[in-house]
Amino acid sequence: MTNATKEAYLPAGLPAPAPSSEGLATEFWDGTRKHELWVQRCTKCQTWQWGPECCCHNCNSFDLTYEQVAPTGKIFSWERAWYPVHPALKDKLPYLTVLIELPQAGNVRMVGNLLGDPMQQVNIGSDVEAVFEDHDDANPPYTLVQWIVKS
Amino acid sequence: MTDRTLRGKTAIVGVGETRYYKRAAAPDPEFKMVLEAVLLACEDAGIDVKDVDGFASYSNDRNDPPRLSAALGCKELKFSNMFWGGGGGGGSGAVSNAAAAVATGLADTVVVFRGLAQGQFGRFGQGSTANVAAGPGAFTAPYGLMSPAQTFAMRAMRFMWEHNIGQEALRALSLTSYAHAQRNPRAVMHGRPLSAEDYDNSRWIVEPFHLFDCCMENDGAAAVIVTSAERARDLKQKPAYILGASQGSDYRQAATAHNSPDYPTSNFKTVARNLYAQAGIGPKDVDVLQSYENFTGGVLMSMVEHGFCKPDEVNDFFTPENFYFEGGKLPLNTSGGNLAECYMHGLELITEAVKQIRGTSFCQVPNVNISMVTSGPMVQPVSNSIYSSEPNP
Ligand SMILES: [Zn+2]
């Protein structure tokens with residue numbers, strides 16, 4: 001079962017993700033629209049790689065692909081932000097940002113928000129699952145990958 | 001010892017600093033402040049500015065050497081150098097580049113400088129207000145992770161969790177810088193003492209950083225002059241010989257979206273090793289340390305990675321008493337540093353390290369022979385440097 005929501009954790013106005021001009025993350029963002037989690041992987045040596053790059057950092061092959069992985073992970077680190085680094089955030093403080101490790105994908109890490117009470121106690125090592133947060137009204141539409149502690 | 005070393009071949013012979021201002025308070029353009037700092041450094045050294053033949057800076061400083069050289073009427077320009085990478089990671093790196101240029105005869109008199117006028121240009125502590133984030137920023141900015149404080153809090157949080165380090169360790173660093181700034185009339189926070197209660201009651205910026213764990217944003221300019229050890233002996237000031245200056249980054253530290261393989265690190269593990277090997281000394285030999293505080297959590301990891309204590313000793317070792325210039329085991333950030341003197345991107349830490357060698361600091365440690373600087377923890381690349389009262393101690 002995949003978790004998805006149309007309710008944004010952070011207010012509108014923050015930057016929307018745009019694929020780089022190098023085209024490195026197109027498959028990732030296309031995947032999130034389908035509520036799937038895809039990670040860059042080397043076709044030659046099978047090394048997982050995140051963030052995406054132009055070549056494999058292990059064998060230097062340019063033959064990179066994307067593979068779908070289970071949308072789960074573990075909290076590797078976290079922080080609770082209390083200062084509005086962007087005008088859109090000034091009425092949404094505090095909020096939680098987490099760094100999630102994906103053991104099923106070579107322990108690559110992804111940044112997201114931890115959904116739920118921003119004052120919840122956050123425990124490093126907790127199991128989490130992805131929640132795909134749709135921004136259907138954006139132009140173009142996009143989907144963020146958020147996280148929630150596994151119940 | 002191999003001849004391929006900078007050890008003792010060059011020295012800092014002049015320091016120049018404008019007045020340091022609160023952010024956006026500088027009455028002069030940034031470029032003019034850099035000129036002023038260069039002229040003050042030359043006067044301090046007893047060197048004719050026309051003989052300056054090289055400039056080195058870092059963090060994409062806006063004041064380029066060809067313009068500086070032309071404005072000052074320098075006879076010729078032989079070295080025009082920029083250390084790549086953001087933040088203060090290049091402070092000692094620019095010194096190492098200048099020293100390398102002098103040691104190899106590329107230039108004879110090289111100025112290392114930094115100018116900042118944040119009212120005239122952008123701020124560091126705010127995120128971009130662009131409506132899209134492309135490239136690596138696409139994986140962080142939409143989640144509200146946009147500022148340096150947030151970028152680095154994530155590393156510090158993990159380090160503190162792994163080693164069970166309490167908030168008091170961070171507080172000790174903040175209190176130390178503020179205590180030293182009270183003796184330094186040039187410090188922006190002079191006359192603004194900070195108590196443990198003030199720290200505890202201050203607002204969070206991003207956990208685990210309170211307001212006082214974060215550097216200021218300031219205006220001003222600073223410059224130092226690097227020349228050969230032989231020439232240094234005949235100049236006006238007691239030379240601060242460059243015993244070592246190292247720069248770099250550990251394996252894949254700049255991997256994007258917080259994916260450096262070693263994560264809870266200041267990025268000094270390899271660079272500290274290289275510095276000590278070059279200088280031929282170890283942490284026990286250091287009399288006084290200026291450790292760049294963008295955020296206190298970085299100082300913590302940087303000091304551990306430079307061998308001043310083990311991770312599991314941090315809670316005991318990190319006390320204001322241990323870091324105070326009088327009687328402290330390791331006098332630290334004796335000008336007030338980035339937290340309380342001025343955020344001159346850490347060039348003010350290098351000027352302070354030189355003053356400690358000369359014996360002219362407002363918080364002078366007795367009999368300083370080895371004075372060390374670590375520049376810009378947690379960024380990529382970082383750098384560090386060691387100064388000595390003798391070329392071959
Ligand atoms: Zn490969």
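**Entry 1. The bridge between chains**

I started with B:E207 and A:R80, whose side chains meet in a salt bridge at 2.9 Å, N to O. The pair crosses between chains. On one side I found B:E207 in the loop between β7 and β8 (209–210) of chain B. On the other side, A:R80 sits in strand β6 (residues 72–81) of chain A. I noted at once that this is a predicted model.

Next I looked up accessibility for both partners. B:E207 has 11% relative accessibility, so I logged B:E207 as buried. A:R80 has a relative accessible area of 7%, so A:R80 is buried too. The cut-off for buried is under 20%.

**Entry 2. The interface of chain B and chain A**

How many salt bridges does the rule find across the interface of chain B and chain A? It finds one. I then looked up polar contacts across the interface. The rule finds 22 residue pairs, both residues at pLDDT 80 or more. I checked which elements of chain B take part. β6 (132–134), α4 (148–162) and β7 (204–206) of chain B each supply at least two residues of the side that touches chain A. The largest share of that side comes from α4(B), with six residues.

I went on to the extent of the contact. Chain B gives 41 residues and chain A gives 41 residues. The size of an interface is often given as the accessible area lost when the parts come together. Here the area buried between chain B and chain A is about 3,500 Å². Carbon and sulfur atoms give 58% of that area. Which residues of chain B lose the most area to chain A? They are B:F139, B:Y143 and B:M154. Together they account for 22% of what the chain B side buries.

**Entry 3. The zinc site in chain A**

I turned to the zinc ion. Its protein donors are the SG atoms of A:C42, A:C45, A:C56 and A:C59. They lie 2.3 Å from the zinc ion. In sequence, I read the spacing of the donor residues as C-x2-C-x10-C-x2-C.

Why do I call the arrangement tetrahedral? The four donor atoms subtend angles of 102 to 115° around the zinc ion, which makes it so. The rule asks for all angles between 85 and 135 degrees.

I looked up accessibility for two of the donor residues. A:C56 is at 1% relative accessibility, so A:C56 counts as buried. A:C59 is at 26%, so A:C59 counts as partly exposed.

**Entry 4. Other salt bridges**

I checked the total. The count comes to 18 salt bridges over all chains. I followed up on some of them.

In chain B, B:D61 forms a salt bridge with B:R114, and the closest N and O atoms are 2.7 Å apart. This pair links distant parts of the chain, 53 residues apart. I placed B:D61 in the loop between β3 (54–58) and α2 of chain B. I placed B:R114 in strand β5 (residues 110–116) of chain B. Both B:D61 and B:R114 are buried.

I then took B:D200 and B:R171. Their side chains meet in a salt bridge at 2.9 Å, N to O. B:D200 lies in helix α6 (residues 196–201) of chain B and B:R171 in helix α5 (residues 167–181), so the pair ties together parts that are 29 residues apart in sequence. B:D200 has a relative accessible area of 41%, so I logged B:D200 as partly exposed.

In chain A, I found a network of salt bridges. It links A:K6, A:R33, A:D134 and A:D136.

**Entry 5. Two residues of chain B**

I looked up B:V314. It lies in helix α10 (residues 314–317) of chain B. Is B:V314 buried or exposed? At 0% relative accessibility, B:V314 counts as buried. I listed its contacts, leaving aside neighbours within four places in sequence. They are B:I165, B:A169, B:L300, B:V304 and B:C309. I also checked B:V314 against B:M160. The two are 154 residues apart along the chain, and their C-alpha atoms are separated by 9.8 Å.

Last came B:R67, in helix α2 (residues 65–72) of chain B. B:R67 is at 47% relative accessibility, so B:R67 counts as partly exposed. I looked up the separation from B:H345. The two are 278 residues apart in sequence and 21 Å apart in space, C-alpha to C-alpha.

Terms used: Residues numbered from 1 in each chain as written. Chains lettered and ligands numbered in written order. Predicted model: local features only at pLDDT ≥ 70, side-chain atom pairs only at ≥ 80, totals over all residues. Heavy atoms only, no water. Helix = DSSP H or I, 4+ residues; strand = E, 2+ residues; numbered from the N terminus. Buried < 20%, exposed > 50% of the residue type's maximum accessible area, 1.4 Å probe, protein only. Donors = N, O, S within 2.8 Å, 3.2 Å for Na, K, Ca; no water. Tetrahedral: all angles 85-135°; square planar, octahedral: opposite > 155°, others 65-115°. Contact = heavy atoms within 4.5 Å. Buried area = accessible area lost by both parts, 1.4 Å probe. Salt bridge = Lys/Arg side-chain N within 4 Å of Asp/Glu carboxyl O. Polar contact = N/O pair within 3.5 Å; in protein donor to acceptor, adjacent residues only side chain to side chain.
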